[in-house]
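Visitor: Could you teach me how to read empty spaces and sulfur links in a protein model?
Guide: Sure, let's look at one together.

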Amino acid sequence: MLSKGAFVLALAVLAAVITAQGPPRELFCATASELGLAGESSALMFSVFEKGSWRPAAAYIEPENVTFILVPLLTRSDTDLTKAAVPGRLTPPLLKNETVVCFEAAPGRPAAPPPAPGVLIAVERKGEKYHVFVARASDVDNPANFTIPLPGRPAGQRPDKVEIGRPAAGRGAGRESQPEATVQQTQTLSYWAAFKLHKLTSTSLAPGACLSTEFDVPEGTQQAAVVLTGGTTPGTYQYTIINAFNPSNRWSDTVTVLPGSLQTVVKWLPPGRAQYSVTICNRNSGTAAVYASALVYVTNQQYFRNDVIRTPRLYIYTALPQYCNTYGICPVNTHVIQNSYFVIPGFYVDSASQIFVDIYIKVPRQSATLDTVYVKWGDVPIGSLTGYNSGNFRIFHGTITVPTSLLVFLLPTYGLGGSIVIGPFTIYANSPYEVEVKMAVRKPQELAPAGDATVYNTWIRRFRESLLVLDKRAFIADLDFVKASGTGHFVISTRPIIDIDTSPWAKYTYVSFYVRFYDGSMNPIAVAGGAASSVSTTSWWGSVLRQFGIASVVLQLYELIKGTIDALKGVATGFPVIGYVTFAMDALVNAAEASVSVERVDLYTLKITLWTGGYDRVPLVARIYLAEARVPQYVAVTRVEYWTGPLEPWVTVYWVDRPVLPYTSYADVSGAGGVTYFPYRTLTCGVQESQGYPIDRCDRAYYR
């Protein structure tokens, strides 16, 4: 996190960069009251009309000082509240009258209708008129024309006059959606997806140096873009993008990455199937780091997939142990932290059609600063919940549907580090709190459409169930089902969150997933049983892992996410980016204390249990082999539970008799047809591979 002085310097550089871009890129600053935006959520998007079309407009909202309460640090009964409190900055949940909004404006008035419902704001300076268009994120269907505001208050011109147009009706912000309660079949799916451009990711470019790569987008692509993400050195880059299918489609220009930017779109590309070559050149005076991704919006036939990421309900008691240790008493409310937000890490995605986030939070009534709490993903506002009183507590509970327009800003950075932020609250020491978050992600199994034999005869990640264990220790347990034509395996693995716990029993945890298979009519299929490999640490990430293909497929995304999070740590100035344990790069290590068991608990249900042993700082992985009575059409996780040591009960986190969407991990696993539409495996490895890639593993030698 930047110091206050570094933050001010970054904003000064930012203003200089914008000014250097020359007219018509004027930056204006006014209060939310003057702009007619007071009382609005900060989930706004900005656009200007220039050179015959609408384009994104840089914008900034003055942040406020907040305190982040890191939930993983509060799950130990003896954790000092002050050690879990991290100062930071966020845009206010609702813009106050005096909140300063800075925005890029274009000269004149638009000659085309606005690209979404919203309001046109005209500003006048020294007799010249400029405009900016502002919309709620929930009202924007095509985010290519917009950008979201960054937290900041750079230098800008004070307008002499502000004119606020008549707002066009919209759908409203903070909308909630009732999730589906039934299972769907294979379907036409519209989705956003992001994947790394491997040769242009975490790459150092000398001044004047260039690097190139290529990627394909499938039939049904409606929009595509090349994006420079967080970690890219601020400055100017030249790009050239050519469509190999139609070389007359060629774009070459420069793009500026501003300080603090979490991502910068290099170029939006036209619809349709295409193969693009991309060249990025460093036009700065010093060596630059580059992190590049592709972003696509696609509609095509997909095998159904629904992933779930969930926490157990966490019962938190905010202690100040020094009082208890020194005086033998634990006084009530000895410490107050105002304007606080709970932070729960581990929610990241790379592709989505829809995302539902279910929030349950119970706080003492005196802690409820407002009747409404606001939910952010990183520092991007995604919705709000209204609370109700229950005795001496206030409860906030409901499901938020993430506006589709925001996926453009979340996917290339895996959800800005993957933290869900909830508040504001006033946090009192020695007081009880309850927090539970679960997220359902409707998504494609691959960019390739259903029926693509080339891709679906290779290993594909068909679904994932993730449990965030935030009870005495912090790690994520994943259960993946990976399948090629006619063959399927489960892989169970852990990804430790950087953990402060040193208590002796915190190292030992059981996590159990209950799995069922179904036929095409959703009748359960009998299972004959299963078997598991030994558990190994991921310190065999090197050459040994390449020969252990199915685990390589599953763990590939871990490495990419960790690299993204490490890059974000140097960029994010407002919210904490919580990291993951680094892979060891030494030889094969067998995790002798850890184990996996597979048992049939009834005719239709397999129970897969991981015992972590003493490996609280090391990622673990094991395979689970199946014996099915007949080939299934669907697979689902119907129960999740865990145990954290002696004197602790088993905790049942989730339990249903049959899949109930959206909060059941569920997938169509029927396999492939015989027609090839798109011969690239992309989302499985987090990067796109060249044709001829190994069917059973992710291998860097084939990354494009």
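Guide: We'll take the cavities and then the disulfides. This is a predicted model, where local features need pLDDT of at least 70, side-chain atom pairs count only at pLDDT 80 or more, and totals for chains, interfaces and linings use all residues. Residues are numbered from 1 along each chain as its sequence is written, and side-chain values use heavy atoms, with hydrogens and water left out.

Visitor: How many cavities of 30 Å³ or more are there?
Guide: Rolling a probe the size of a water molecule over the atoms shows where empty space is left. A cavity is a set of points, on a 1 Å grid over the protein atoms alone, where a 1.4 Å probe fits but cannot get out; points join across faces, edges and corners, and volume is the space filled by probe spheres set on them. Here the count is four, and the largest has a volume of about 210 Å³.

Visitor: Which residues lie nearest the centre of the largest cavity?
Guide: Arg305, Asp307, Asp350, Lys443 and Arg464, out of 21 lining residues (lining means an atom within 4 Å of a point).

Visitor: And what is a disulfide?
Guide: A pair of cysteine sulfur atoms within 2.5 Å. This structure holds three. One joins Cys29 to Cys102, S to S 2.0 Å. Cys29 sits in strand β1 and Cys102 in strand β7, so the link ties together parts 73 residues apart in sequence (strands are DSSP runs of E, at least two residues, numbered from the N terminus).

Visitor: Is Cys102 buried or exposed?
Guide: Buried, at 0% relative accessibility (buried is under 20% relative accessible area, exposed over 50%, partly exposed in between, with a 1.4 Å probe and protein chains only). Cys210, bonded to Cys281, is partly exposed at 38%.

Definitions and conventions:
On a 1 Å grid over the protein atoms alone, a cavity is a set of points where a 1.4 Å probe fits but cannot get out, and a pocket is an open set with protein on both sides within 12 Å along at least five of seven lines; lining residues have an atom within 4 Å of a point. Helices (H or I, at least four residues) and strands (E, at least two) are DSSP runs, numbered from the N terminus.
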